[in-house]
Amino acid sequence: MSDVHKEHESPIKTPKQLIAVVIAAFLVPIVVIILLVSFVGHGAPEGAGSTATVEATNDRIKPVASLELRDANAPRVYKSGEEIYKNVCAACHATGAAGAPKFGTPGDWTARLGQGFDGLLKSVLNGKGAMPPRAGTSPDDVADHELALAMVHLVNSAGGKLQEPAAPAPAAPTAAAPAADAPAQTQAAAPAGASAETGKRVYDQVCAACHAAGVAGAPKVGDKAAWAPRLQQGMDALHASAIKGKGVMPPKGGYAGADADVMAAVDYMVNASK
């Protein structure tokens with residue numbers, strides 16, 4: 001019986017032991033919590049993707065877009081050939097998509113180098129193969145000079161020895177627009193065929209790459225049968241499809257200009273296909 005009694009005896013036999021156990025019961029959890037907080041607070045890595053750095057915070061809260069105001073009469077600042085290549089040309093020339101000669105691959109350019117600067121630039125401006133005229137850009141966004149710089153950068157990456165062209169001379173300042181309340185006879189009216197001319201220009205630059213040959217199911221210009229079911233949708237629907245994109249056609253066909261220009265190109269194709 002004495003052995004059984006000893007097994008059930010409490011290990012706390014004195015008041016001092018009881019006090020020590022009570023204090024330990026409070027202190028141990030507190031120490032553990034402090035250690036956990038310290039570990040979590042100082043254990044975050046500082047590097048790529050870290051949310052604890054000032055740079056990362058600034059990246060998260062910076063605006064998603066910015067507004068850039070330009071003076072129409074200020075001299076144009078041209079981007080470098082490398083910048084234009086990355087923004088416009090690399091989509092095809094970096095991978096050789098659609099048969100485009102690859103950047104930095106001499107074998108792809110051997111047969112093309114004989115065309116010289118003028119011949120190669122003409123292909124860029126007029127389009128060739130699957131590449132639309134001006135690589136799908138607008139003269140307002142990318143100047144001919146910038147396309148020439150990008151072409152030189154691309155060709156020289158594959159062993160070409162082309163020289164970068166000199167920047168064109170600044171254009172003369174444009175005259176101020178007439179005031180809204182100026183006499184009607186002093187305000188020049190827009191040419192009657194301006195919209196048709198704009199439509200043809202945008203078609204030649206962007207749309208013809210697919211609509212001239214019916215690439216990827218695009219209705220060919222002049223093919224009345226292909227356009228008949230589309231004309232039944234009405235012009236508003238055709239305009240909306242062109243601006244928003246449809247099927248494999250990207251929004252606005254990849255055109256960087258105004259929606260009105262794209263609508264004018266649709267009108268041009270429709271009028272040529274009735």
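**Exercise 1.** How many disulfides does a search of the whole structure find?

*Solution.* The structure is a predicted model, in which local features need pLDDT of at least 70 and side-chain atom pairs count only at pLDDT 80 or more, while totals for chains, interfaces and linings use all residues. Residues are numbered from 1 along each chain as its sequence is written, and side-chain values use heavy atoms, with hydrogens and water left out.

Step 1. A disulfide is a pair of cysteine sulfur atoms within 2.5 Å.
Step 2. Searching the whole structure gives 0 disulfides.
Step 3. Cys89 belongs to no disulfide, and the nearest cysteine sulfur, that of Cys92, lies 9.1 Å away.

**Exercise 2.** Why is the sulfur of Cys92 without a bond to the closest cysteine sulfur? Classify Cys89 and Cys92 by accessibility.

*Solution.*
Step 1. The closest cysteine sulfur to that of Cys92 is in Cys89, and the 9.1 Å between them is too far for a bond.
Step 2. Buried means under 20% relative accessible area, exposed over 50%, and partly exposed in between (1.4 Å probe, protein chains only).
Step 3. Cys89 counts as buried because its relative accessibility is 14%.
Step 4. Cys92 has a relative accessible area of 36%, so this residue is partly exposed.

**Exercise 3.** Describe the chain by its elements, burial and contacts.

*Solution.*
Step 1. Helices (H or I, at least four residues) and strands (E, at least two) are DSSP runs, numbered from the N terminus. The chain has 11 helices and 0 strands.
Step 2. Among the 274 residues of the chain, 24% count as buried.
Step 3. With contact meaning heavy atoms within 4.5 Å, residues 24 or more positions apart supply 52% of the chain's contacts with a separation of 6 or more.
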